[in-house]
Amino acid sequence: MDIIDQDLTCKVILEVGSGRGGTTRKLVDVLSRRPGASLIVTDVSDIHFQRLREGFRGKQVPIRFVCTRAQELEGVAAGSVDCLVCNYTLCAVNAEAGQAVLALKRFREVLRDDGRLLVEEELPISHARTPRQEVWAEKWRILKTMTLVAGGSPFSEFAPDVLARLCRLVGFQSVEWEAATSECQGVAALSFFEKRVNKLSVEMPNEGLRAGFEQWAFELREKAERAGGMDVLFYRLTARK
């Protein structure tokens, strides 16, 4: 179920993990047509908050920004939220083992009785089956490996059936999910990936590794050209408190 399908009149919506604001903008657009609705936007970093505030000036939606981790949600009272939206964030929280389960428990705490949880996440890259899906999977293999070599913790995606079971374990009801595919045409689909590779390259411990990863990224671009782009596998999960 998508956020647009919900009756959000006079409801409090919480977005966990706003990042650069892709989902946030969609939420503001939807809520601007729902009288009395309000939005709480959270992220572990406030680096994008000011730009988002400026972009939402004139929008008839009360918005509160809170810099907090998903597993803590400081400043969000228990039982105060009607709908919680968490898109492409649990995989980042799950980079630190166990933290995603703590986040799910906290999600349930802040929701009102019968409140809704809406999650969108990419599938684990092991699910890739076609050449275009393999481009997507290899993109993540490169970024995850570079992140490890640079001393970071790479994102760790949940299989949807596992995430559904965890939701039930922390007390959610009516847990459902459906898989989908997003088609990204042409090599332009790798533009953000290439920016990430360039950023991570400077953190490689020696020139040999830098050259190796850059060559791997170049070969992936050629593979994307042959495939005409890539297909991203993702799923949507819904649950009720």
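Let's start with a pocket: the lining of the second largest one divides into three nonpolar, two polar and eight charged residues. Keep in mind that this is a predicted model. The space in this second largest pocket comes to about 170 Å³. Its lining counts 13 residues, and those nearest the centre are Gln6, Lys11, Asp82, Asp114 and Arg116. Which strands each supply at least two residues of that lining? They are strand S4 (81-87) and strand S5 (111-122). S5 gives the largest share, with five residues.

Now for the strands S1 and S2. Strand S1 (residues 12-16) is mostly covered, with five of its five residues buried. On one side sit Val12, Leu14 and Val16, on the other Ile13 and Glu15, and both faces are covered. Note that Glu15 is on the list of buried residues too. S1 pairs with strand S2 (residues 38-43) in the parallel sense, over five bridges. Two of the partners can be named: Ile13 has Leu39 as its bridge partner in S2, and Glu15 has Val41.

How many of the residues of S2 are buried? Six of the six are, so S2 is largely enclosed by the rest of the structure. Here again both faces are covered: one side holds Ser38, Ile40 and Thr42, and the other holds Leu39, Val41 and Asp43. Leu39 and Val41, on one face of S2, are thus also the bridge partners of Ile13 and Glu15.

On to the aromatic rings. The count of aromatic pairs comes to four. Two of them are set out here, including the ring geometry:

| Pair | Centre distance | Angle between planes | Type |
|---|---|---|---|
| Trp140 and Phe155 | 6.2 Å | 40° | tilted |
| Trp177 and Tyr235 | 6.3 Å | 70° | edge-to-face |

Trp140 and Phe155 link distant parts of the chain, 15 residues apart: Trp140 is in helix H5 (residues 131-149), while Phe155 is in the loop between H5 and helix H6 (160-169). Trp140 counts as buried, at 15% relative accessibility, whereas Phe155 is partly exposed, with a relative accessible area of 36%. Why is this pair called tilted? Its planes stand at 40°, and an angle counts as stacked under 30 degrees and as edge-to-face over 60, so the rest are tilted.

Trp177 and Tyr235 also link distant parts of the chain, and they lie 58 residues apart, with Trp177 in strand S6 (residues 173-185) and Tyr235 in strand S7 (residues 229-240). Is Tyr235 buried or exposed? Tyr235 counts as buried, at 0% relative accessibility. Its partner Trp177 is partly exposed, with a relative accessible area of 39%. The planes of this pair are at 70°, so it is edge-to-face.

One more ring has a charge for company. The charged end of Arg20 sits over the ring of Phe192, 4.3 Å from the ring centre.

Last, a look at the backbone. Most residues other than glycine have a negative phi. Tyr88, however, has a positive phi, near 55°. Tyr88 belongs to the loop between S4 and helix H3 (90-93), and at 34% relative accessibility it counts as partly exposed. Ser174 has a positive phi as well, near 50°, and this residue lies in strand S6.

Definitions and conventions. Residues are numbered from 1 along each chain as its sequence is written. This is a predicted model: local features need pLDDT of at least 70, side-chain atom pairs count only at pLDDT 80 or more; totals for chains, interfaces and linings use all residues. Side-chain values use heavy atoms; hydrogens and water are left out. Rings of Phe, Tyr and Trp (its six-membered ring) pair if their centres lie within 6.5 Å; planes under 30 degrees apart count as stacked, over 60 as edge-to-face and the rest as tilted. Helices (H or I, at least four residues) and strands (E, at least two) are DSSP runs, numbered from the N terminus. Buried means under 20% relative accessible area, exposed over 50%, partly exposed in between (1.4 Å probe, protein chains only). A charge sits over a ring if NZ of Lys or CZ of Arg is within 6 Å of the ring centre and within 35 degrees of the ring normal. On a 1 Å grid over the protein atoms alone, a cavity is a set of points where a 1.4 Å probe fits but cannot get out, and a pocket is an open set with protein on both sides within 12 Å along at least five of seven lines; lining residues have an atom within 4 Å of a point. Grid points are joined across faces, edges and corners, and a volume is the space filled by probe spheres set on the points. Ala, Val, Leu, Ile, Met, Phe, Trp, Tyr, Cys and Pro count as nonpolar, Asp, Glu, Lys and Arg as charged, and the others, Gly among them, as polar. Two strands pair if DSSP finds at least two bridges between them.
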